[in-house]
Amino acid sequence: IRDCLGVEVFPKKTKLPTVGSINVVTNKGLLGYNDATDEELNWLSNILKVNGVRGTCNFGTTATSLGIAANSNGAIVGAMSTGFELGTVHQALSGE
């Protein structure tokens, strides 16, 4: 992959087989799944060069990518998300 696409490749250091399916990231921040260890969150933050925060959406869904579509301009968040979850999403993805 490194040679063909000319991109950096990192060995996976998480217990989950599909890291991209449960986290939401923009160029401003990372919303990691709620059960991520400190080591996993730090590893993702360092690779992606953004700050990371753990959180959920849709009243406790840990796979945040199931309920959030985001880019650097904003996010669409599932209707079942609580006010606390919305605050965490904003904090994580806005880079504040």
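Me: Is Lys 15 buried or exposed?
Reply: Lys 15 is exposed, with a relative accessible area of 57%, where exposed means over 50%, buried means under 20%, and partly exposed covers what lies in between, using a 1.4 Å probe and protein chains only. This is a predicted model, in which local features need pLDDT of at least 70 and side-chain atom pairs count only at pLDDT 80 or more, while totals for chains, interfaces and linings use all residues. Residues are numbered from 1 along each chain as its sequence is written, and side-chain values use heavy atoms, with hydrogens and water left out.

Me: Where in the chain is Lys 15 found?
Reply: Lys 15 sits in the loop between α1 and β1; helices (H or I, at least four residues) and strands (E, at least two) are DSSP runs, numbered from the N terminus.

Me: How far apart in space are Lys 15 and Tyr 33?
Reply: From C-alpha to C-alpha they are 12 Å apart, with their positions 18 residues apart in sequence.

Me: And what is the bridge partner of Tyr 33 in β3?
Reply: The partner of Tyr 33 there is Gly 55. β2 and β3 (residues 52–55) run parallel and are joined by four bridges, and two strands count as paired if DSSP finds at least two bridges between them. To get from β2 to β3 the chain passes through helix α2 (residues 38–48), in a right-handed β-α-β crossover; right-handed here means that, with the strands pointing away from the viewer, the path from the first strand over the helix to the second runs clockwise.

Me: How does β1 join to β2?
Reply: β1 (residues 24–25) and β2 (residues 30–33) are antiparallel and joined by two bridges, and Val 25 has Leu 30 as its bridge partner in β2. The two strands make a hairpin, with four residues between them.

Me: So in what order do the strands of that sheet stand?
Reply: The open sheet has three strands in the order β1-β2-β3, with mixed pairing. Because β1 and β3 stand at the edges with a single partner strand each, one side of each is left without a neighbour in the sheet.

Me: Changing topic, how many salt bridges does a search of the whole structure find?
Reply: The search finds one, a salt bridge being a side-chain nitrogen of Lys or Arg within 4 Å of a carboxyl oxygen of Asp or Glu. Arg 54 pairs with Asp 38, and their closest N and O atoms are 2.4 Å apart. Since Arg 54 belongs to strand β3 and Asp 38 to helix α2, the pair ties together parts that are 16 residues apart in sequence.

Me: Which of the words buried, partly exposed or exposed fits Arg 54?
Reply: Arg 54 counts as partly exposed, at 29% relative accessibility, whereas Asp 38 is exposed at 53%.

Me: What about the chain as a whole, how many helices and strands are there?
Reply: The chain has three helices and five strands, which follow the pattern α-β-β-α-β-β-β-α along the sequence. Its radius of gyration is 13 Å, close to the 12 Å that the globule rule gives for 96 residues, so the chain is as compact as a globular protein of that length; the radius is taken over C-alpha atoms, and the rule is 2.2 Å times the number of residues to the power 0.38. The C-alpha trace spans about 45 × 30 × 20 Å along its principal axes, and 33% of the 96 residues count as buried.
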